[in-house]
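Biologist: I'd like to learn how to read strands and their neighbours in a model. Could you walk me through one?

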Amino acid sequence: MPRISVVIPLYNEIDNVTPLCDALSAALAGADAEIIIVDDGSRDGSAAALDREAATRGNHFKMIHLQRNFGQTAAMQAGIDAAQGEVIVTLDADLQNDPQDILPLAERLLAENLDVVAGWRKNRQDGLFLRKIPSRIANRLIRRFTGVRLHDYGCTLKAYRASVIKGVRLYGEMHRFIPAWLSTLTYTDRIVEVPVRHHARVAGKSKYGISRTFRVLVDLLFVKFFLGYSQRPMHFFGTVGLFSLFIGSGMLIYLFIDKFAEGAEISGRPMLIAGVLFFLGGLQFLNTGIVGEMLSRIYHESQDKKTYVIRHTVHLDPGAEP
C-alpha cells in the first residue's frame, strides 16, 4: 500500500500536463507514493496528454477520466475514493502550488500525529482586487463561522490522514470547507497550517472569478448549520419554535385579558395578527425540528453511518504477553 497518495483534480490544463508530471516526479523521487490525476471532463486535449504521460511514467501514475465536467469537488472526491495511501495530499494542477511542498506536509502530519496539515499561501502570487481581497474576506468569515482558525481555506495543497478524510463525503463546491467538515470528526488542535510556496500562473487560464466569493457565502450558511446541528436539528428549530411560541402566546394572552377584562375591541389590532403569526410560526418550527430529527436518523441508519470515528484500537491476545 502506498504511504502517500497525491490527488490532483484537473480541468483544461493541457499546457500544464507535462510540466506538472515532471514536477511531481522530481518532488516525489524515491518516495513511497502514488499520483492520482483526475481529469474532470477536459475538452482541450488534456485527457489524451494525461494518457500519454501515464504510458511513460510508470504505474505509480494513475489517470482517472470523468464522463463530463462535474466540478472540482466531485473530481477531488473521485481521487480520494481511489487513493490507497495512509496520507492523502491534494493540490491544484495549475502549478501555482509547488509539488516540492508535498513531502514536508505529509512528514509533519505523520511525525506529529495530526489529521490535517493545511497549506497557507502566505506570499500569494495573485491579483490584489480580484483574488487576494475577496479571499481574505471569505477566509475571515469562514474562520468566524466554523471555529477552525486557518488563514487560507482556498489553498488546495493540504495533507490529510486517509482514515479521517475518507469519513466525509464532498458535494457541491464544498472542497474549500474540508477542514471545517473534518472538525466534526477530530479535534481542531489536530488541524494545523504551515506556509507553503505559491507561484504565479504561467500557463493555462484560471477557473476562478469574483463570483466564487458569493458562492462561498451561500455555502457557508449550510456549513454552519451542518456543523452545529446536523445530528440534532431539533436543538435549532426547537429553540426558534419555542421562542416564537412564547412571543405569540404572550401577545394572545394579553389580548384575551384586554378583551374580557377591559372590554376592549381587538379584532382590528395588529397585535392580534402578529400573535397568531408568531404562534403558528412556532408550531411550524417545532414540526420542522421533528421532521429533521427523523431525517437525521434515516440518513445515519440507512447508510450504517456511524456518529463516531475510531482513531485506532489496541487489543492484546489473552494468551500473549503485554
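**Reading a strand from both sides**

Modeller: Sure, and keep in mind that this model is predicted. Let's begin with β6, which has cover on both faces: Lys158 and Tyr160 on one side are buried, and so are Ala159 and Arg161 on the other.

Biologist: Why do the residues of a strand split into two sets like that?

Modeller: In a regular strand, side chains take turns between the two faces of the sheet, so neighbours along the chain point opposite ways. You can see that pattern again in β4, residues 87-90. There Val87 and Val89 point one way, Ile88 and Thr90 point the other way, and all of them are buried.

Biologist: Which strands pair with β6, and in what sense?

Modeller: Look along its edges. Strand β5, residues 116-120, runs antiparallel to β6 and is joined to it by 3 bridges. Within that pairing, Val117 sits opposite Ala159. β4 also runs antiparallel to β6 (residues 158-161), this time with 4 bridges. Here Thr90 is the residue facing Lys158.

Biologist: And what about β4 and β1: parallel or antiparallel?

Modeller: Parallel, over 4 bridges, with β1 covering residues 4-10. Thr90 turns up again, as the bridge partner of Val7.

Biologist: How many helices and strands does the protein chain have?

Modeller: It has 10 helices and 7 strands. Of its 322 residues, 43% are buried. Among contacts with a separation of 6 or more, 79% link residues 24 or more positions apart. The accessible surface is about 17,600 Å², and carbon and sulfur atoms own 60% of that.

Biologist: Which residues does UniProt list as "transmembrane region"?

Modeller: The unreviewed UniProt entry lists 236-257 and 269-286 under that name. An annotation like this can be set beside the model. Residues 236-257 are 100% helix and 0% strand, with the end C-alpha atoms 32 Å apart. For residues 269-286 the figures are 94% helix and 0% strand, and the end C-alpha atoms lie 27 Å apart.

Biologist: Now cysteines. How many disulfides does a search of the whole structure find?

Modeller: The count is 0.

Biologist: Why does Cys21 count as buried?

Modeller: The idea is to compare relative accessibility with a cut-off, and buried means under 20%. Cys21 counts as buried because its relative accessibility is 0%. The same reading works for Cys155, which counts as buried because its value is 1%.

Technical notes:
Residues are numbered from 1 along each chain as its sequence is written. This is a predicted model: local features need pLDDT of at least 70, side-chain atom pairs count only at pLDDT 80 or more; totals for chains, interfaces and linings use all residues. Side-chain values use heavy atoms; hydrogens and water are left out. UniProt positions are given in the numbering used here, feature names are shortened, and annotations may be inferred rather than shown by experiment. Helices (H or I, at least four residues) and strands (E, at least two) are DSSP runs, numbered from the N terminus. Buried means under 20% relative accessible area, exposed over 50%, partly exposed in between (1.4 Å probe, protein chains only). Two strands pair if DSSP finds at least two bridges between them. Contact means heavy atoms within 4.5 Å. Accessible areas come from the Shrake-Rupley method with a 1.4 Å probe; for residues, only the protein chains shown count as cover. A disulfide is a pair of cysteine sulfur atoms within 2.5 Å.
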